[in-house]
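This report looks at how a protein and DNA meet in one structure, taking each DNA strand in turn. Please keep the sequence and the 3D view at hand while reading.

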Number of protein chains: 2
Amino acid sequence: MNEQDILKDAERHCTKTGARLTPLRRRVLELVVRADAPVKAYDLLSQIDRSNTSAKPPTVYRALDFLINAGLVHRVEALNAFVACPQAGHGHAAVLYICEVCTKVTEVQGARPGQEHKPEGFCVTRSVIEHYGQCMNCR
Amino acid sequence: MNEQDILKDAERHCTKTGARLTPLRRRVLELVVRADAPVKAYDLLSQIDRSNTSAKPPTVYRALDFLINAGLVHRVEALNAFVACPQAGHGHAAVLYICEVCTKVTEVQGARPGQEHKPEGFCVTRSVIEHYGQCMNCR
DNA sequence: TTTGTTTTGTTATGTTATCACATCCGCACA
DNA sequence: TGTGCGGATGTGATAACATAACAAAACAAA
């Protein structure tokens with residue numbers, strides 16, 4: 001799935017769900033999609049800055065919050081970074097495989113990890129699943 | 001497993017592996033164990049500070065690095081916090097269930113998540129697996 | 001005791017994230 | 001047309017998290 005398709009898909013998804021993909025938010029999404037690897041909030045900020053002098057940290061963090069809630073972007077917890085979700089709206093339930101050499105992230109949907117050993121009565125609302133290692137090309 | 005047992009166990013583990021559990025590191029481990037929930041680095045710092053005025057951020061981060069490497073402590077990525085590992089040396093391979101109400105963490109060993117959908121050729125060296133929700137008591 | 005290594009102290013700074021309040025903009029409705 | 005409302009963005013400040021770089025001390029091996 002290429003950059004343009006992902007963006008179109010995001011538009012459609014937002015239209016359908018009533019989420020407001022404003023120009024600023026779209027711009028941030030675009031930057032995340034283009035990065036094609038986990039990108040830092042302050043890197044996004046400096047890129048936005050080139051076109052919009054008024055961008056400040058809250059600008060980018062707010063946009064990212066929106067995008068994460070809309071299921072368009074994932075936060076990579078162990079990297080304090082963000083990646084585009086290749087499938088709009090599947091933002092929750094993702095399992096990430098992160099190559100520590102080339103930094104590329106492969107997202108696997110529907111790979112809900114076995115919760116066989118889940119503590120009794122525990123009700124999971126959100127899972128962070130990130131596997132780090134080397135991808136095929138980088139070994 | 002109670003606090004004292006965990007500390008004894010940690011001592012034994014370090015003796016066996018040749019890791020040097022110095023007074024400072026032991027003190028930090030003690031604080032993490034006592035907390036019985038994820039603790040922040042700066043909270044540890046302010047607790048150490050009461051006895052050791054010279055404690056600075058690197059003091060606690062270095063001790064934590066050591067403890068994590070020794071498999072005595074886990075970093076909870078999505079919280080920027082740290083928890084004691086109830087089983088010395090099993091520090092890698094852990095799956096954490098974190099109650100967002102009472103903040104308590106239950107660690108499950110040996111619950112390696114299915115990697116059935118792992119990208120071909122990907123070699124995992126480290127996994128971050130954190131489930132957030134409500135524990136039985138807090139529902 | 002000398003030497004090399006590890007640990008700890010110390011200052012400074014880098015990086016990540018949020019708060020609080022002001023302003024703007026689109027929209028519904030009088 | 002204007003007025004009020006709510007969501008989005010602008011703005012300045014600061015909080016929270018983490019590391020770099022170098023100095024001093026502790027310690028163990030030779």
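In this predicted model, a phosphate oxygen of DNA strand D lies 2.5 Å from an N or O atom in the side chain of Arg75(B). Two side chains of chain A also have an N or O atom by a phosphate oxygen of this strand, that of Thr22(A) at 2.6 Å and that of Arg25(A) at 3.2 Å. As for the elements, those that give two or more residues to the surface near DNA strand D are α2 (23–35) and α4 (57–69) of chain A, together with α4 (57–69) of chain B. Among these contributions, the largest share is that of α4(B), which supplies four residues.

The surroundings of DNA strand D comprise 18 residues, of which Thr22(A), Ser54(A), Arg62(A), Lys40(B) and Arg75(B) come nearest. Of the atoms of DNA strand D that come within 4 Å of the protein, 54% belong to sugar and phosphate. Sorted by class, the surface near this strand holds seven charged, six nonpolar and five polar residues.

Turning to the other strand, DNA strand C is surrounded by 18 residues, and the closest are Tyr42(A), Arg75(A), Thr22(B), Ser54(B) and Arg62(B). Here sugar and phosphate make up 49% of the strand atoms that come within 4 Å of the protein. The class counts for the surface near DNA strand C are seven charged, six nonpolar and five polar residues.

Which atom of DNA strand C is 2.6 Å from an N or O atom in the side chain of Arg62(B)? The partner is a base nitrogen of DNA strand C. Phosphate oxygens of DNA strand C, for their part, have a polar side-chain atom of Lys40(A) at 2.7 Å and one of Arg25(B) at 3.2 Å. The elements that give two or more residues to the surface near DNA strand C are α4 of chain A, together with α2 (23–35) and α4 of chain B. The element that gives the most to this surface is α4(A), with four residues.

The polar side-chain contacts described above are listed here by strand.

| Residue | Partner atom | Distance |
|---|---|---|
| Arg75(B) | phosphate oxygen, DNA strand D | 2.5 Å |
| Thr22(A) | phosphate oxygen, DNA strand D | 2.6 Å |
| Arg25(A) | phosphate oxygen, DNA strand D | 3.2 Å |
| Arg62(B) | base nitrogen, DNA strand C | 2.6 Å |
| Lys40(A) | phosphate oxygen, DNA strand C | 2.7 Å |
| Arg25(B) | phosphate oxygen, DNA strand C | 3.2 Å |

Conventions
Residues are numbered from 1 along each chain as its sequence is written. Chains are lettered from A and ligands numbered from 1 in the order in which they are written. This is a predicted model: local features need pLDDT of at least 70, side-chain atom pairs count only at pLDDT 80 or more; totals for chains, interfaces and linings use all residues. Side-chain values use heavy atoms; hydrogens and water are left out. A residue is near a molecule or strand if one of its heavy atoms lies within 4 Å of it. A polar contact is a pair of N or O atoms within 3.5 Å; within protein, one must be able to donate a hydrogen and the other to accept it, and residues adjacent in sequence count only if both atoms are side-chain atoms. Ala, Val, Leu, Ile, Met, Phe, Trp, Tyr, Cys and Pro count as nonpolar, Asp, Glu, Lys and Arg as charged, and the others, Gly among them, as polar.
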